[in-house]
Amino acid sequence: MSKGYFFHHSVNVATIAGVIGLAKGYSSQQLLDLGVGALLFDIDMTQIPSALWAKKGPLSPEERRIISHHTEFGFELLKKQNNISPSSAYCALQHHERFDGSGYPHKAAGKYIHEFARIIAIADVFDALTSPRDHRQQHSPHEAAEYLCAAGNTLFDYELIKTFLKYVAIYPLGTNIVLNTGYRGVVSNIFPEYPLRPVVRILQNPNGETLKSPFEIDLRKEVNVTIVEAF
């Protein structure tokens, strides 16, 4: 990863966090504190040797120990700044904590993780999954959304995930999709409450033949039918 990646990643995380903050009705001061925290949440990486965070192979136990403490470095740095709120500083400290207590550095869980940090954890992972990386393939937005939902209330706050997905079009109208049944079509209707279960207008059968009479499937009702590809 390059320093340029961290810059663009932080901007993307701040944008996503802002969407969630607006959806929750945060005040202007809360939005400012969240935005500052989101822009600076990874500032602790400046305290880690570049050879370590740029390493492509497996980390040694000692390297993992250093990485696990990088959030504390950032927190200590930010809390010394008079113009940065404690809420913003907690974004650096807790963005790797997980809802079930399996994260680091203090294994905080649930509501013991500051809400700003819970928001940034979601934004951080979503952007990381949908961005190109040297060590793995880039995932589509719907794959990242599926991952977050599957990890709801274990790794991430599920209520915040639902709030985020209401305001992000995972399957915009007109998206071409392939179903697990082999049928192909386009998204013809979406629902904020069910962002991963749109209405699909089926245009081709599993053999790739164009249907003379296209029909629609409401994935909210067809629980055994899933989208396996979107483009």
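1. Let's start on the outside. F7, V11 and L39 together make a nonpolar surface patch of about 280 Å². Keep in mind throughout that this is a predicted model.

2. L39 sits in helix α2. How exposed is L39? Its relative accessible area is 44%, so L39 counts as partly exposed, given that the label covers the range between 20% and 50%.

3. Now the inside. The largest nonpolar core has 40 residues, and the members touching the most others are I120, L148, F156, F164 and L179. Two or more residues apiece come from α1 (3–23), α2 (28–40), α7 (115–130), α8 (141–150), α9 (158–166), β1 (176–179) and β3 (199–204). Which element gives the largest share? That is α7, with 9 residues.

4. F164 is worth clicking on. Setting aside neighbours within four places in sequence, F164 is in contact with I16, I20, I122, F126 and L148.

5. There's also a second core, separate from that one: 7 residues, among them Y5, F6, M45 and I67.

6. Then have a look at helix α5, residues 70–79, where H70, T71, G74, F75 and L78 are buried. Why do they line one face of the helix? Looking down the axis of α5, the buried residues fall within an arc of 140 degrees, so they share one face. As a reminder, an α-helix has 3.6 residues a turn, so residues three or four places apart point the same way.

7. And what covers those buried residues of α5? The cover includes α2, α4 (61–68) and α6 (86–94). Helix α2 therefore turns up here as well as among the contributors to the largest core.

Notes: Residues are numbered from 1 along each chain as its sequence is written. This is a predicted model: local features need pLDDT of at least 70, side-chain atom pairs count only at pLDDT 80 or more; totals for chains, interfaces and linings use all residues. Side-chain values use heavy atoms; hydrogens and water are left out. A nonpolar core is a set of buried Ala, Val, Leu, Ile, Met, Phe, Trp, Tyr and Cys residues joined through side-chain atoms within 4.5 Å. Buried means under 20% relative accessible area, exposed over 50%, partly exposed in between (1.4 Å probe, protein chains only). Helices (H or I, at least four residues) and strands (E, at least two) are DSSP runs, numbered from the N terminus. Contact means heavy atoms within 4.5 Å. The arc is that of the directions from the helix axis to the C-beta atoms. Patches are made of residues with over 30% relative accessible area and no salt bridge: like charges are joined within 9 Å, nonpolar side chains (Val, Leu, Ile, Met, Phe, Trp, Tyr) within 5 Å. Accessible areas come from the Shrake-Rupley method with a 1.4 Å probe; for residues, only the protein chains shown count as cover. A salt bridge is a side-chain nitrogen of Lys or Arg within 4 Å of a carboxyl oxygen of Asp or Glu.
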